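Student: Please give me a close look at the interface here, then work outwards from it into the rest of the fold. One connected walk-through would suit me best.

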Amino acid sequence: MASKGAARVRKKEIVKVVHGALLRTNIKAQMASAAPPLGPQLGQRGLNVANFCKEFNKETGHFKQGVPLPTRITVKPDRTYDLEICTPTTTWLLKQAAGIGRGKASKDEIVGKLTVKHLYEIAKIKSRDKALQHVPLEQICRMLIKTCRTLGIDVQYHDLDPVELKEFLVARKEKVDAQLKDLADKKAAKMLRTT
Amino acid sequence: MLNQSLRPLVNVQVRSVSSKYPRPTPRHFKRRLFEAALKPELPPTVNMCIPPGLIKREHTGKSKEYSDVELALSNLVRDWMVREEFRVMAVCQFLPVPGRTLWFAKNQLRSKNIEFRSYGNKILKKIFDKTPMSSLNTVLVGNNAILLAKDISAIKSILQETDKLNWIEPLVMMADGRIVDMVDARELAKLSSLEDLRAHTVQLLGQQVAQVTISLDTVTRHLPSLLDSHISTNQEAKK
């Protein structure tokens, strides 16, 4: 009996996670809130979440609401922090430029089309990042081409034909709608499954 | 017959316990006998003893072979080095460092016109193969990286930058096809400009030329006076 009581009293072994000084997250512009996942991430590192959200939302006032911004937060031992807000994520920029909302779902699927001019402009935006300072523009463009490949965006040298692009985007939209419908059906079937 | 002889041995209780339950080691002697009796009969295996040196030789022989990808990479890097016309190269010891620190340091070095590259010693040896740089193979031990620069005065900036970073240590430098050891490189780095050295050399050479002309001139200048004195002494003797 006594042993049972002792077992009940015994606390769970708490494994203390030692967090590093650097926190890398993507936060949507003007939409930082104390809700998960951001709130707990900051809270575990001992930061004042409300103040952080306020500062972040103020700093990102010049961005369109909801733009995903890679953020690097360096937490100091005295619980102060350095906030580094980078330019919007490469995938977001590429998807916006291509006019698509969804990357490729299967191998060898082409979801959008871009020209090297688009990439050059995006590279110029990305080169403002702290991490990409002094990196040649050519190298940034090469990185962008790699990202395009993972997204399923076709990069071409010549200018896009507007008529052809419109046809492509319409066809693509139908395909994406079908994909999303399929996914929703699968999800519904999973919810209804009893076994 | 076999069944009868095994019967006392097979009397091992079969317990259905979790596989995570630690089995007693060594196993009970009954269990060991049981397992020995039920061991499948396999053809005898012949254990070959290979001398350790032979294994090592095979291993090193294999490690020296280059795959197509490695050859292509080494060709690519060699072509790039030739195309970019690098004049200074420093082979450095490269210690482990967090990726983020390395990335920022690379960018910092690039801002000083120094290119940081680390391909592994196997590739580097292939790049340096059949070039004057092949004599640098002796320093390619462990983890190495190379710093490249287009300007000869970058020796100074390479030393300045590597002194700031504790995870990179230059071992030897190469400037215009000439190997410069670290002592000499530090001496060169002390100079305000390498133009000083050139001026000094020109001055030394100029001094030599001037000395030669002066010494030749003195003979020609002295010759008439000598002849005059000789004639005058001859005339006095005749009188």
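**The interface and what lies behind it**

Tutor: Four residue pairs are in polar contact between chain A and chain B, counting pairs with both residues at pLDDT 80 or more. On the side of chain A that touches chain B, the residues split into six nonpolar, three polar and three charged. Keep in mind that this is a predicted model. Chain A puts 12 residues into the contact, and chain B puts in six residues. Together the two chains bury about 740 Å², with 58% of that on carbon and sulfur atoms.

What about salt bridges between chain A and chain B? The count is one. That salt bridge is made by the side chains of A:E84 and B:R100, at 3.5 Å from N to O.

Let's follow A:E84 back into its own chain. Its number falls within β3 (81-85) of chain A. This strand belongs to an open sheet of three strands in chain A, ordered β1-β2-β3 and paired antiparallel. β3 and β1 (22-28) of chain A are at the edges with a single partner strand each, so each has one side without a neighbour in the sheet. From one strand to the next, the twist averages 25°. Seven bridges hold the register between β1(A) and strand β2 (residues 68-75) of chain A, again in the antiparallel sense; look for A:T25, whose bridge partner in β2(A) is A:T71.

Now step into the loop between β1 and α2 of chain A, where you'll find A:Q30. Its phi is near 60°, a positive value in a residue other than glycine. A:P37 is found in this loop between β1 and α2 (38-44) as well, and the peptide bond leading to A:P37 from A:P36 is cis, with omega near 5°. For background, most residues other than glycine have a negative phi, and most peptide bonds are trans.

Over in chain B, a cis peptide bond joins B:T25 and B:P26, with omega about -5°; B:P26 sits in the loop between α1 (2-10) and α2 (29-37) of chain B.

Chain B has a sheet too: open, five strands, antiparallel, in the order β2-β3-β1-β4-β5. Its edge strands, β2 (114-117) and β5, each pair on one side only. Neighbouring strands are turned by 25° against each other on average, direction ignored. At the β5 end, strand β4 (residues 168-175) and strand β5 (residues 178-181) of chain B pair antiparallel over four bridges. B:M174 is opposite B:I179 in β5(B), and B:A175 has B:R178 as its bridge partner there. Two residues lie between the strands of this hairpin, in which B:D176 takes a positive phi near 50°. Helix α7 (residues 154-164) lies across β1 (88-94), β2, β3 (144-149) and β4 of chain B, and runs at about 170° to β4(B).

To finish, back to charges: the whole structure has 20 salt bridges over all chains. One of them worth finding joins the side chains of B:K122 and B:E70, at 3.2 Å from N to O. This pair links distant parts of the chain, 52 residues apart: B:K122 is in helix α6 (residues 121-128), and B:E70 is in helix α4 (residues 68-83).

Note on methods. Residues numbered from 1 in each chain as written. Chains lettered and ligands numbered in written order. Predicted model: local features only at pLDDT ≥ 70, side-chain atom pairs only at ≥ 80, totals over all residues. Heavy atoms only, no water. Pairing = 2+ DSSP bridges. Axes fitted to C-alpha atoms, helices over the stretch in contact; angles between N-to-C directions. Contact = heavy atoms within 4.5 Å. Buried area = accessible area lost by both parts, 1.4 Å probe. Salt bridge = Lys/Arg side-chain N within 4 Å of Asp/Glu carboxyl O. Polar contact = N/O pair within 3.5 Å; in protein donor to acceptor, adjacent residues only side chain to side chain. Nonpolar A, V, L, I, M, F, W, Y, C, P; charged D, E, K, R; others polar.
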